[in-house]
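Subject: Structure for you to look at

Hello,

Here is the structure I said I would pass on. My notes on what came out of it follow below.

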Amino acid sequence: MSPANAARPESTEDTNWHVDDRCTNCDVARQLAPDLIGEVGGRSEILRQPRGAAEELQLYAALFACHTRSIRSSRQSDVSLDPFPLRLDDVVHLCGHNSQQTAGANSYLVQRPSGTLLMVDTPRWSESLAARYEKLGSVTDVLLTHRDHAAHGRRYADRFGARLWIHEGDLDAAPDADCVLRGTEPVEIARGVVVHPLPGHTEGSVLYVVDERYCFSGDSFYWSRSTDDVEVAESVTWYSIQELAASLARTAGRLDFEWLLPGHGGRKHLPAEQMAQRMRQLAGRAGEMRPQPIDFTALRW
């Protein structure tokens, strides 16, 4: 990952990092600095202090992504070290600045061949952030994966003059959406952009697959660093784990992608054949799952 904007810290000497008690154990910081931040006692903790500027930049990325601003430095935060939007490859940027109103979910900017952008889910609302993202190109569409991530969709869409998308199953979360997806069959909404409705996590959950390379999975599935595999967050599947299993059985064989880019949980890049095999195996495992009480502590990040 490389920053689009960030400077480099002058020195890591005499800087002490810690995580404050507002941490909600959302995993975002651990995604960005996995060797420096870990889960300890049901929350994130600094495992060790950074060694050199490159590692300190990872902690700054965690600082500017954390939705509770729980990643703290003994120095005053330097906004010039904000790395977002953070380039994941030549097409996708991570927005950072995750929102408390979306439970700290990740969001993304996707560059299209025309030079325009798609925004998948949203960071916290800020006019200065909107202006920063817009420097990469004109945002034509804000694509919501499901109701949990809808909080700032209308505001960003209006700011960019973009269309706001959501599935009819979650329409009450964005009743003023410009474009409403319907049914359970895949549909191409723009050249190279295919939506796969995937009811389960919520009734209106969808996947956005771009260029048969990138899968924006919302909260339907993610890459677990603890199991080293694609997983379903069954303990927080709000609508129906059985519906999600049926959705995966219907959809897994249709999917072709290399990058798994979820709202919560780890990101992963694998060859398409390997990812397809993992998805088929996930569909099989999901078919054996049964409803259970909601339990945030059961997540296998």
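What percentage of the residues of the chain count as buried? The figure is 56% of the 301 residues. Please keep in mind that this is a predicted model.

Overall form: the chain has 6 helices and 20 strands. Its radius of gyration is 19 Å, close to the 19 Å that the globule rule gives for 301 residues, so the chain is as compact as a globular protein of that length. Along the principal axes, the C-alpha atoms fill a box of roughly 55 × 40 × 35 Å. Among contacts with a separation of 6 or more, 60% are between residues 24 or more positions apart.

Interior: the largest nonpolar core has 45 residues. Within this core, I37, I71, V92, Y208 and F216 have the most contacts. Helix α2 (residues 53–65) gives the core its largest share, 8 residues. Another core lies apart from that one; it has 23 residues, including L207, L244, M275 and A286.

I looked at I37 in more detail. Leaving aside neighbours within four places in sequence, I37 is in contact with A29, R30, S44, E45, I46, L47, L59, A62 and I71. I71 is thus listed twice, as a contact of I37 and among the core residues with the most contacts.

Surface and charge: the chain exposes about 12,700 Å², and carbon and sulfur atoms supply 46% of that area. There are 32 positive and 42 negative charges, and their mean positions are 2 Å apart.

Regards

Technical notes. Residues are numbered from 1 along each chain as its sequence is written. This is a predicted model: local features need pLDDT of at least 70, side-chain atom pairs count only at pLDDT 80 or more; totals for chains, interfaces and linings use all residues. Side-chain values use heavy atoms; hydrogens and water are left out. Helices (H or I, at least four residues) and strands (E, at least two) are DSSP runs, numbered from the N terminus. The radius of gyration is taken over C-alpha atoms; the globule rule is 2.2 Å times the number of residues to the power 0.38. Buried means under 20% relative accessible area, exposed over 50%, partly exposed in between (1.4 Å probe, protein chains only). Contact means heavy atoms within 4.5 Å. Accessible areas come from the Shrake-Rupley method with a 1.4 Å probe; for residues, only the protein chains shown count as cover. Lys and Arg count as positive and Asp and Glu as negative; His and the chain ends are not counted. The place of a charge is taken as NZ of Lys, CZ of Arg, CG of Asp or CD of Glu. A nonpolar core is a set of buried Ala, Val, Leu, Ile, Met, Phe, Trp, Tyr and Cys residues joined through side-chain atoms within 4.5 Å.
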